[in-house]
Amino acid sequence: MGSDGKRKKRGRKSKTQTTLDPTTPTLNDEVFSVNNVEIVNSTTPTSANHLENRRGRPKKRPKHSPEKPPPLTNGEIGVATPVEGVARVLPAMDAVVKVFCVHTEPNFSLPWQRKRQYSSSSSGFVIRGRRVLTNAHSVEHYTQVKLKKRGSDTKYLATVLAIGTECDIALLTVNDDEFWEGVSPVEFGELPALQDAVTVVGYPIGGDTISVTSGVVSRIEILSYVHGSTELLGLQIDAAINSGNSGGPAFNDKGECVGIAFQSLKHEDAENIGYVIPTPVIKHFIQDYEKNGAYTGFPFLGIEWQKMENPDLRMAMGMKPDQKGVRIRRVDPTALESEVLQPSDIILSFDGVDIANDGTVPFRHGERIGFSYLISQKYTGDNAAIKVLRNSKTLEFVIKLSTQRRLIPPHVKGKPPSYYIIAGFVFTTVSVPYLRSEYGKEYEFEAPVKLLDKLLHSMPQSPDEQMVVVSQVLVADINIGYEDIVNTQVLAFNGKPVKNLKSLANMVENCDDEFLKFDLEYDQIVVLRMKTAKEATVDILTTHCIPSAISDDLKP
């Protein structure tokens with residue numbers, strides 16, 4: 001989970017600033033209704049075999065030139081490189097497709113209806129097994145997905161096989177055999193090194209044809225995945241990644257795919273900072289789907305930890321001079337590891353790899369990376385060996401890894417929001433999409449401090465716990481005096497704690513008491529007469545054209 005070494009949020013941004021939060025990369029969907037279109041400065045590669053001199057005649061090959069490279073096929077292009085006679089090849093350009101998606105998002109503020117549909121376009125590419133990869137945010141809340149090949153005028157209906165929210169990858173396929181004719185799948189390469197050349201191919205804004213931009217790998221580390229609200233391995237490159245590039249492949253000099261373009265950093269002090277999902281994360285997603293028939297997610301260690309860089313702290317915790325590790329601050333009560341790990345345990349190693357006092361582990365020659373990388377290489381349900389120091393004694397445990405569950409989830413994964421209405425009180429659960437709907441993109445600054453504190457620090461005490469709030473009060477005669485209650489947590493009903501929305505709905509529906517009493521945060525209470533409350537609910541639903549007082553997932 002978290003650590004005190006996370007990137008810290010900056011202060012509130014000026015409202016006149018047109019760029020986004022400098023610590024928040026932006027997603028790269030191209031919405032058709034974009035007003036301020038920015039032209040992509042892409043260059044057309046030139047074939048090494050067709051360079052001409054000033055008279056227009058082809059240059060003769062020098063006698064010392066290496067053997068002529070084989071002819072290019074299937075949309076391949078050769079790009080001249082500084083090394084004479086050597087061609088850098090981008091294979092399978094025809095494997096890069098344009099993704100058209102129609103989205104219909106839920107309305108989290110009015111959970112009984114959906115928002116107006118909108119269209120977007122992005123990129124994708126063909127891989128083995130008659131499948132196509134793109135970004136998860138490119139097909140989020142999809143109603144219809146279509147793909148168009150390079151140079152084609154036909155759009156083919158696609159089927160979404162899996163959506164990996166955490167890693168921002170989606171897997172598609174097309175049933176029409178015509179789509180696969182003449183297309184060679186993209187092959188994956190190894191994780192590139194720093195300063196390795198990369199070429200991003202896709203369909204960004206500024207035109208309808210394919211675009212090619214190039215750069216180098218400038219950083220490899222654990223990155224914040226904005227769409228997934230997770231931290232996984234990522235590549236930072238200086239090639240331009242614009243809206244519409246999302247889901248497009250990044251190639252190395254050998255023509256192998258080394259990543260998927262997915263987000264960029266927009267800030268007045270930064271230029272050409274793009275981010276790519278690397279092949280280890282892509283392969284993890286694909287193998288997870290092939291192994292389980294569905295995407296199960298990346299496992300997490302259900303703890304919060306603290307660095308042990310201070311020598312006095314290490315001495316107080318009983319660590320020897322040659323011992324290094326990180327201290328466990330809190331353990332998620334719902335995580336499987338809570339059975340063996342305790343607060344103030346010092347994690348010395350994970351799966352035999354020693355952890356440094358700053359929480360890093362050796363990565364490659366001259367490089368270190370956060371130890372969460374080791375966890376992300378595992379699959380849900382895998383076992384892992386962990387060595388801890390407890391009361392100056394070294395202990396070893398084997399834990400079973402699972403996915404992370406948060407009290408306020410970052411995603412609803414395509415499900416419509418749950419709600420329950422009684423006497424005009426709209427009860428719902430809090431999620432990040434709900435906060436974004438209520439307070440806008442700047443919800444991290446605009447939302448109440450209580451909600452933000454629970455978002456960042458609260459852990460669920462049971463697997464089915466939810467944060468239930470009174471979203472709003474639909475004004476009627478029965479709820480006079482309660483109109484100003486907005487986004488306030490419900491703690492108890494008639495003296496019984498509220499664990500989740502379903503339990504609240506069941507308690508209210510089956511209540512035989514004369515009064516309905518809701519205990520809210522800040523010591524507020526709401527009292528309604530049970531009989532008149534249920535009678536008034538019918539009229540309130542009719543007035544606001546609400547089809548049901550309870551969402552389908554809460555119905556018995």
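**A predicted chain: helix α4, strand β31 and a pocket**

User: What does the secondary structure of the chain come to?
Analyst: The chain has eight helices and 32 strands. Please note that the model is predicted.

User: And what share of the residues is buried?
Analyst: Of the 556 residues in the chain, 49% are buried.

User: How much of the contact network joins residues at least 24 apart?
Analyst: Counting contacts between residues at least 6 apart in sequence, 64% join residues at least 24 apart.

User: What about the surface, how much of it belongs to carbon and sulfur atoms?
Analyst: The accessible surface comes to about 27,800 Å², and carbon and sulfur atoms hold 49% of that.

User: Let us turn to α4. Which of its residues are buried?
Analyst: Helix α4 spans residues 432-439, and V432, P433, Y434 and L435 are buried there.

User: What do they pack against?
Analyst: The buried residues of α4 pack against two strands, β27 (425-429) and β28 (468-473), and against the helices α5 (443-446) and α6 (449-457).

User: What is the phi of G440, just after α4?
Analyst: G440 takes a positive phi of about 85°.

User: Changing topic: which residues of β31 are on the covered face, and which on the uncovered one?
Analyst: In β31 (residues 515-520), L516, F518 and L520 form the covered face, while F515, K517 and D519 form the uncovered one. As a general point, side chains in a regular strand alternate between the two faces of the sheet.

User: Which strands pair with β31, and in what sense?
Analyst: Strand β29 (residues 488-493) pairs with β31 in the antiparallel sense over three bridges. Strand β32 (residues 525-529) also pairs with β31 in the antiparallel sense, over five bridges.

User: Which residues stand opposite each other?
Analyst: On the β29 side, V490 has L520 of β31 as its bridge partner. On the β32 side, K517 stands opposite V527. L520 belongs to the covered face of β31 and K517 to the uncovered one.

User: How many residues lie between β31 and β32?
Analyst: Four residues lie between the two strands, which form a hairpin, and Y522 in the turn has a positive phi of about 65°.

User: Now the second largest pocket: what is its volume, and which residues are closest to its centre?
Analyst: Its volume is about 900 Å³. The lining has 37 residues, of which P409, H411, V412, K415 and Q466 are the closest to the centre.

User: Which elements supply the lining, and what is it by class?
Analyst: β27 and α7 (501-509) each supply at least two residues of the lining. By class, the lining has 14 nonpolar, 14 polar and nine charged residues. β27 is also one of the elements that the buried residues of α4 pack against.

Conventions:
Residues are numbered from 1 along each chain as its sequence is written. This is a predicted model: local features need pLDDT of at least 70, side-chain atom pairs count only at pLDDT 80 or more; totals for chains, interfaces and linings use all residues. Side-chain values use heavy atoms; hydrogens and water are left out. Buried means under 20% relative accessible area, exposed over 50%, partly exposed in between (1.4 Å probe, protein chains only). Contact means heavy atoms within 4.5 Å. Accessible areas come from the Shrake-Rupley method with a 1.4 Å probe; for residues, only the protein chains shown count as cover. Two strands pair if DSSP finds at least two bridges between them. On a 1 Å grid over the protein atoms alone, a cavity is a set of points where a 1.4 Å probe fits but cannot get out, and a pocket is an open set with protein on both sides within 12 Å along at least five of seven lines; lining residues have an atom within 4 Å of a point. Grid points are joined across faces, edges and corners, and a volume is the space filled by probe spheres set on the points. Ala, Val, Leu, Ile, Met, Phe, Trp, Tyr, Cys and Pro count as nonpolar, Asp, Glu, Lys and Arg as charged, and the others, Gly among them, as polar.
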